[in-house]
Amino acid sequence: VEMMICTVMIIISGLSWAVVLGQVCGIVSNLDTDEQTFRSTMDELNLMMHDRAMRKDMQRRIRGFFLSNKTAQKRARHQNIIAAMSPGLQGEVVMSLNKMWIHKVRFLSQILEEVESASSSTSQI
């Protein structure tokens, strides 16, 4: 009787642990939407290449292209998000994103400082 109870308890605890691990893995896998989009694209690409019976060397070249183009695709999605904003908000976001680079160019840094000082003086009026 004790052996049966212990066996049932072990089975129940094992199933509970599997459910907990499954939930944690599900949460972690949904954290990075850019990675999910990329993996989805790669899955579709692999299916297409398999369905079309492409040569192995061609498959490797295409996969290589998409892997090296991953960052560019991410930047394009970011551009689409910025394009959906109002023109004024677009300007603020772009300036915020590129402020580090603008400060490294002396000419642009001086212009930015002048614009910021001018805008702060007009906002006080």
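# Notebook: a helical chain

**Entry 1, the fold.** I began at the N terminus and read off the elements of the protein chain, which run α-α-α-α-α-α. I was working with a predicted model. My tally of the secondary structure was 6 helices and 0 strands.

I then looked up how spread out the chain is. The radius of gyration of the protein chain is 27 Å, and the globule rule gives 14 Å for 125 residues, so the chain is more spread out than a compact globule. I also took the box along the principal axes. The C-alpha atoms of the protein chain fill roughly 85 × 50 × 25 Å.

**Entry 2, surface and contacts.** How many of the 125 residues count as buried? I found 10% of them in that class. The accessible surface of the protein chain comes to about 10500 Å². Carbon and sulfur atoms hold 64% of that surface.

Next I checked contacts between residues at least 6 apart in sequence. Of these, 29% join residues at least 24 apart.

**Entry 3, charges.** I counted the charged side chains of the protein chain and got 14 positive and 12 negative. The centres of the two sets lie 11 Å apart. I then searched for salt bridges and found 4 in the structure. I noted three of them, as follows.

**Entry 4, Arg77 and Asp34.** Arg77 forms a salt bridge with Asp34. The closest N and O atoms of this pair are 3.3 Å apart. Which helices does the pair tie together? Arg77 lies in helix H4 (residues 70–83) and Asp34 in helix H2 (residues 33–51), so the bridge joins parts that are 43 residues apart in sequence. I looked up the accessibility of Arg77 as well. Its relative accessible area is 24%, so Arg77 is partly exposed.

**Entry 5, the network around Glu35.** I moved on to Glu35. Its side chain meets that of Arg39 in a salt bridge, at 3.2 Å from N to O. Arg39 and Glu35 are 4 residues apart in helix H2, so about one helical turn separates them. Is Arg39 buried or exposed? Arg39 has 52% relative accessibility and the exposed class begins over 50%, so Arg39 counts as exposed.

Lys70 also forms a salt bridge with Glu35, and here the closest N and O atoms are 2.8 Å apart. Lys70 lies in helix H4 and Glu35 in helix H2, so this pair ties together parts that are 35 residues apart in sequence. Lys70 has 31% relative accessibility, so I put Lys70 down as partly exposed. I wrote the three residues on one line: Glu35, Arg39 and Lys70 are linked in a network of salt bridges.

**Entry 6, helix H6.** I turned to Ser109, which is in helix H6 (residues 106–123). Why does Ser109 count as buried? Buried means under 20% relative accessible area, and Ser109 is at 10%, so Ser109 falls in the buried class. I then looked up what Ser109 touches, leaving out residues up to four places away in sequence. The contacts are Ile102 and His103.

Leu108 lies in helix H6 too. Leu108 has a relative accessible area of 37%, so I recorded Leu108 as partly exposed. Last, I took one long span. How far apart in space are Leu108 and Arg63? From C-alpha to C-alpha I got 40 Å, with the two positions 45 residues apart in sequence numbering.

Methods
Residues numbered from 1 in each chain as written. Predicted model: local features only at pLDDT ≥ 70, side-chain atom pairs only at ≥ 80, totals over all residues. Heavy atoms only, no water. Helix = DSSP H or I, 4+ residues; strand = E, 2+ residues; numbered from the N terminus. Rg over C-alpha atoms; globule rule 2.2 N^0.38 Å. Buried < 20%, exposed > 50% of the residue type's maximum accessible area, 1.4 Å probe, protein only. Contact = heavy atoms within 4.5 Å. Areas by Shrake-Rupley, 256 points an atom, 1.4 Å probe, with all protein chains shown as cover. Lys, Arg positive; Asp, Glu negative; His and termini not counted. Charge placed at Lys NZ, Arg CZ, Asp CG, Glu CD.
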